[in-house]
Each structure stands twice: as structure tokens, then as C-alpha cells.
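Reader: Got a minute to go through this one with me? I'd like to start with the strands and then wander a bit.

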Amino acid sequence: MIQGYCTPRFEGVRTEFTRNFEDRGEIGASVAIYVGGKLEVSLWGGVADTASSRPWEEDTLVAVFSATKGLTATCMHILADRGLIAFDTPVATYWPEFAANGKAGITVGMVLAHQAGMPVFREPLPEGGLTDWSLVIFRLENEAPVWMPGTQSGYHAVTIGYLLGEILRRVTGRTIGQFLREEVAGPLGADVWIGLPPALHKKVATSYFDDPNPESALFRRMLEEPESLAGLLAANSGNDHTPESVNSAARRSAENPSAGGIATAKGLARVYAPLALDGSVDGVRLVSTAILPFMRYVRSAAAVDTILEVATTFTYGFSKSWGDRRLGEGEHVIIGEHAFGTAGAGGSMGFADPQAKMSFGYAMNHLGPGIALNSRGQSLIDAAYGALDFSSSDPGFWVR
């Protein structure tokens, strides 16, 4: 069932990947790890579609949800590195219409750090509304912040990618999907997409959903308090996270830079490979070494995130470790102290760890019951750190 390869020191990753299928309900998945810019793990297995029994291949693509945010953030850091944007500059400098309704002081950095006060839409979007870029941008221009920008941290699950994508479009004249292909994925040979060409849809795995974790404070609030921010997040996103939507051609083709990315695990790991080094790999430089601290240093932290109801920690555009394993499936991200990346709803993950010189990607089609990692992805991360004599149970500590 398991195909691909790994170097001997990563046999523990192969063991956990196999256990995911045998004991943890994996349907189809892939995992990839680069160390020092060299691919040391590339494993895949299972089925891409249960109805047809189509096997998961090396180049099988799948929806990676909020792991997309790391791709979008990488594009923004490239702009900053080139001097095209600055993190402390108001968004309205690049996008004048955004200043309406009390948003003139919101900076690019506040958006990247989930502090802009724009985590939800106050009114419902139409069905499939997130596939309509112009509509979403119009709505964001006319929204007012739900808290004073810069004073709170709350996960901008749906809005952050569109906010950043429109800044990028105003500055470069390109869409986020075009920029990702031309400046990141193409040069690196990484199979990651925001806006998938129709010719590639046949390579996409079907996504399958678990029920929400009943212990999750976020999902309880969504159900019990529909007027809360969590409730508005669930109700006002155009039914974007239903199986019908996620598996639709329209969503796969649309440029949703918050949660619409389509990728392979190796593609995710490849994008992060230069970010685990000096900003370059195999002669391809994404960013200068000087910009890397802005990717990994903490910019916002909350003991209780305004949206997610757990402790969170963010850099400019990326997640650090947050939450707690004891909270159950989908309630945490546990990576190294110096690592940064983004997890996707249901458990997908991409990250870089400059201390370990490691980049990691995991993508699967059986979504776990939460908004972050579950035991399948976390077991692979733990095994990867174990192979390198690091521990991810207490981030940043040497095992020996």
C-alpha cells in the first residue's frame, strides 16, 4: 500500500505513515520531508477516491485548506523583500478603497498577524460566494473592524487570504495564483496551486469529512451562539466548507488564498525548503536571508484566541506551535521552537524549521474533526523530529 521512499534515519516516519492507514483511519495521503534542501522522505498510499478505488499516486493533488495561508504569506514576504510593500504601512496605501468604515489604520502587518479585526463577514455571502473575487473584495471594503485593529489576536480563517491577495494584486497587477506560479511554484518545481487549471482536476483526490470534535470550544460556540464571531464565521462563508463545495470544480478553479489551495505534500515541503535554509535552494532564491526573521518571529499571541478559543501564536503570516495535545483532535499545532508554517482544517500541514534545516509537507483526503493537526499528521511530525534528535512534544528541546 505504501509507496515511495525514505532515507534510513526516517524509517520512523514510514512506520507512523503506515500506522495512519492501519490504526488511524487514513484513506489516502502523502508526506514529504526535505533536510538541507535534499528530499529525504516522499511517501504516499491509499486511495484518492473511495467510490472508484482510484489509487493515490505520487502526483495526486488534494485540497489543503488553511495550509494555503502559508503559500500566500510566502508571496507577501517576497513583495516585502523586494521593497514593494512594508509591514508597518497601512493597507489603504496600496488599496485606497479599503480605508472605509474605520480601517484606515490597519497595517499590512496587522493583517498578517491576525490582528486586523476583520475575521468574519457580518452578513452572509451567497452560496459559493468565496469563488467570486470581486464580490469578496467589495464586501471587505465595506466591512468595519469588529475590534480595534492591533489590540487583539483572532484567527482570520476566511478573510486573510483575500485581504493579502488584493494587496498583492494592487501592487503587482497579478492575481495571487499567477504570482504563486510565476515566482514560487514554477521556479521551485513545486506542485502547489491557488486556482487549479481544469486540465489538472482529474489528479485531485476527493475530500472526506469527519464530524466536528464535540469537545472543541470553537465548534460548540458555532452551534450554541450563532451571533458570536465563531457563529458568524460558520454562517457567513457561503457554505464553503461543505463536502459538495470542497469537491466542486468551481472551488478548485477559484483563487481562494485563505483555504482553497490544492497541493501535493512534496509541493508543500518544496516551497518551505528554501525557507528552512537561507532563503534559497538548488539555485532558486525566494527571499533574502534578511527577511527570514519576519517569517519566524512571533508577532501576536493569545492565551485564548478570539475566534479559535485556544491559545495561538502567529508570525507575519505563519503559525508557530499553539494549542495543546490534551485538547484532542484538531486543537493544536506542535512543531519546533524555531519552526513556522500553517496547518489546514482536517490536518494538512506545511512548515519550515531553520534550526533543523527541515521542511515538511503532509496532505490527505480524510479530514480530521478540527481546524488544525490531528494524531495522523502530528505522529509524522513527531517522528521527523525524532529522526533528527529533536522533540516536538516540548518544542525547541534537544532529545539528547
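Author: Sure. Strand β2 (residues 28–35) pairs with strand β3 (residues 38–49) in the antiparallel sense, over eight bridges. Keep in mind that this is a predicted model.

Reader: Which residue of β3 is the bridge partner of Ile-33?

Author: Ile-33 has Val-41 as its bridge partner there.

Reader: And how many residues sit between β2 and β3 in the hairpin?

Author: Two residues lie between them, and Gly-36 in that turn has a positive phi of about 60°.

Reader: What about β2 and β17, how many bridges there?

Author: Seven bridges, again in the antiparallel sense. Val-31 of β2 is bridged to Tyr-362 in β17.

Reader: Are the faces of β2 covered or open?

Author: Both are covered. On one side Gly-28, Ser-30, Ala-32 and Tyr-34 are buried, and on the other Ala-29, Val-31, Ile-33 and Val-35 are too. That alternation fits the general rule: in a regular strand, side chains alternate between the two faces of the sheet. Eight of the eight residues of β2 are buried, so the strand is largely enclosed by the rest of the structure.

Reader: Switching to helices. At what angle do α2 and α6 cross?

Author: Roughly 30°, with the axes of α2 (residues 68–81) and α6 (residues 159–172) coming within 10 Å. The crossing is left-handed.

Reader: Which residues make the contact?

Author: From α2 you have Lys-69, Thr-72, Cys-75, Met-76 and Leu-79, and from α6 Ile-160, Gly-161, Leu-164, Ile-167, Leu-168 and Thr-172. By class, that contact has seven nonpolar, three polar and one charged residues.

Reader: Any odd backbone angles? Which residue in the loop between α4 and α5 should I check?

Author: Look at His-114, in the loop between α4 (108–112) and α5 (133–142). Its phi is near 60°, a positive value in a residue other than glycine. Most residues other than glycine have a negative phi.

Reader: Is His-114 buried or exposed?

Author: Buried, because its relative accessibility is 2% and the cut-off is under 20%. Lys-357 also has a positive phi, about 55°, although it is not a glycine. Lys-357 lies in the loop between β16 (349–353) and β17 (358–364), and at 46% relative accessibility it counts as partly exposed.

Reader: Last one: what does Leu-218 touch?

Author: Leaving out residues up to four places away in sequence, Leu-218 touches Ala-230, Ile-307, Leu-308, Glu-309 and Ile-371. Leu-218 is in helix α8 (residues 217–224) and is buried, with a relative accessible area of 2%.

Notes
Residues are numbered from 1 along each chain as its sequence is written. This is a predicted model: local features need pLDDT of at least 70, side-chain atom pairs count only at pLDDT 80 or more; totals for chains, interfaces and linings use all residues. Side-chain values use heavy atoms; hydrogens and water are left out. Helices (H or I, at least four residues) and strands (E, at least two) are DSSP runs, numbered from the N terminus. Buried means under 20% relative accessible area, exposed over 50%, partly exposed in between (1.4 Å probe, protein chains only). Axes are lines fitted to C-alpha atoms, for helices over the stretch in contact, and angles run from 0 to 180 degrees between N-to-C directions. A crossing is left-handed if the near helix is turned anticlockwise from the far one by less than a right angle, and right-handed if clockwise. Contact means heavy atoms within 4.5 Å. Ala, Val, Leu, Ile, Met, Phe, Trp, Tyr, Cys and Pro count as nonpolar, Asp, Glu, Lys and Arg as charged, and the others, Gly among them, as polar. Two strands pair if DSSP finds at least two bridges between them.
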